[in-house]
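Colleague: I have a structure open and would love a close look at one single part of it. Could you walk me through that part, and then show me how the rest relates to it?

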Amino acid sequence: MKKTNNAPFSQQFQGTIFPAPSFDPVMDAQMLGGALQGMECNKDVLIDILTQRCNAQRLMIAEAYRNMYGKDLLMDLKESLSHHFKEVMVGLMYPPATYDAHELWHAMKGAGTDENCLIDILASRSNGEIFQMKEAYLMQYQNDLLQDIYSETSGHFRDTLMNLAQGTRQEGYADPAMAAQDAMVLWEACQQKTGEHKNMLQMILCNKSYQQLWMVFQEFQNISGQDIVEAINECYDGYFQELLLAIVLCVRDKAAYFAYRLYTAIHHFSSGHYETALLAICGGDVQDY
């Protein structure tokens with residue numbers, strides 16, 4: 001993922017998967033049908049097609065597949081594949097909001113809570129994405145996302161997640177005069193570390209616009225002589241610390257945050273078709289198409 005605007009708080013990015021030129025969903029569906037037949041599915045064909053079509057095109061392929069075979073492509077992928085490769089291929093077939101809802105559900109309803117999944121999703125999504133995610137969560141699981149977060153997490157970590165899941169961050173608003181005041185509140189929160197100060201800290205990080213927070217972080221550096229990331233690392237710990245850091249890093253450069261998370265998650269871990277699929281998703285560039 002690449003930033004396409006030099007403005008420090010711009011969140012406009014180019015992805016690595018682009019709409020395929022000369023796209024033919026019927027032909028793609030036919031090739032996938034052939035790849036999924038028999039005892040051994042042709043995983044290379046799955047990778048070549050599904051990792052090189054944008055999400056909207058993949059959904060059109062699924063519709064063509066249903067019309068052609070009278071079967072659900074998502075279910076056929078689930079039945080034919082296994083392990084991590086299955087997770088990647090199946091994940092590609094979800095609309096973004098539905099996939100977020102799927103991941104959040106499994107993060108909270110499995111054996112234990114996957115706090116890192118909650119952090120990655122809720123710290124990085126826009127108000128619109130959070131709204132769509134909550135709607136998808138309710139439709140898929142007949143549960144309220146906020147209620148599940150409340151029941152599955154605790155403390156200031158829970159409070160911050162709940163705040164993010166409200167989807168009430170200011171958008172496109174920046175007040176230079178207020179930035180110094182917000183920075184002072186953050187500095188005091190890092191020094192005092194009381195429950196009240198933690199609440200004030202998370203309220204600023206969860207509700208101020210990205211533009212505002214960019215100025216706040218600059219003012220924080222001026223006031224304290226310290227970068228906000230260093231201060232959070234020194235003053236807090238646990239998942240509350242990780243969530244605060246994720247918010248700050250996403251404000252600064254969301255693409256860089258996820259690049260680091262991908263590197264630490266799959267470094268020396270992936271292999272085979274799973275690795276091939278991940279590289280196909282991550283390695284594309286607009287000049288290659």
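How many residues does helix α11 have, and how far does α11 reach from its first C-alpha to its last?

Modeller: Happy to! Please keep in mind that this is a predicted model. Helix α11 runs over residues 176–192, which makes 17 residues. From the first C-alpha to the last, α11 reaches 25 Å, close to the 24 Å expected at 1.5 Å a residue.

Next, the side of α11 that is hidden. The buried residues of this helix are A179, D182, A183, V185, L186, A189 and C190. These residues sit on the same side of α11, because they cover an arc of only 160° around the axis. The spacing in the list fits a general rule: an α-helix has 3.6 residues a turn, so residues three or four places apart point the same way. As for what they face, the buried residues of α11 pack against three helices, namely α12 (195–207), α13 (210–224) and α14 (228–235).

Both ends of the helix deserve a look too. At the N-terminal end, D175 acts as a cap for α11. A side-chain oxygen of D175 lies 3.1 Å from the backbone nitrogen of A177. After the other end of α11 comes K193, whose phi is positive, near 60°.

Positive phi values turn up elsewhere in the model as well. H83 has one of about 60°, although H83 is not a glycine. H83 belongs to helix α5 (residues 83–92), and H83 counts as exposed because its relative accessibility is 67%, where exposed means over 50%. Q142 is another non-glycine residue with a positive phi, here about 55°. Q142 is found in the loop between α8 (127–141) and α9 (145–152), and with a relative accessible area of 59%, Q142 is exposed too.

Back to α11, and to D182 on its buried side. D182 forms a salt bridge with K208, with the closest N and O atoms 3.5 Å apart. This pair links distant parts of the chain: D182 is in helix α11, whereas K208 is in the loop between α12 and α13, 26 residues apart. Both partners, K208 and D182, are buried.

For context, a search of the whole structure finds nine salt bridges. One of them joins the side chains of D100 and R125, at 2.8 Å from N to O. That pair also links distant parts of the chain, with D100 in helix α6 (residues 96–109) and R125 in the loop between α7 (115–122) and α8, 25 residues apart. The two partners fall into separate exposure classes: D100 counts as buried at 7% relative accessibility, while R125 is partly exposed, with a relative accessible area of 23%. Another salt bridge is formed by K71 and D76, whose closest N and O atoms are 3.5 Å apart. Here K71 counts as partly exposed at 42% relative accessibility, and D76 is buried, with a relative accessible area of 10%.

So, to come back to your helix: α11 has its buried residues on the same side, packs them against α12, α13 and α14, is capped by D175 and is tied to K208 through the salt bridge of D182.

Methods. Residues are numbered from 1 along each chain as its sequence is written. This is a predicted model: local features need pLDDT of at least 70, side-chain atom pairs count only at pLDDT 80 or more; totals for chains, interfaces and linings use all residues. Side-chain values use heavy atoms; hydrogens and water are left out. Helices (H or I, at least four residues) and strands (E, at least two) are DSSP runs, numbered from the N terminus. The expected span of a helix is 1.5 Å times one less than its number of residues. Buried means under 20% relative accessible area, exposed over 50%, partly exposed in between (1.4 Å probe, protein chains only). The arc is that of the directions from the helix axis to the C-beta atoms. Contact means heavy atoms within 4.5 Å. A polar contact is a pair of N or O atoms within 3.5 Å; within protein, one must be able to donate a hydrogen and the other to accept it, and residues adjacent in sequence count only if both atoms are side-chain atoms. A salt bridge is a side-chain nitrogen of Lys or Arg within 4 Å of a carboxyl oxygen of Asp or Glu.
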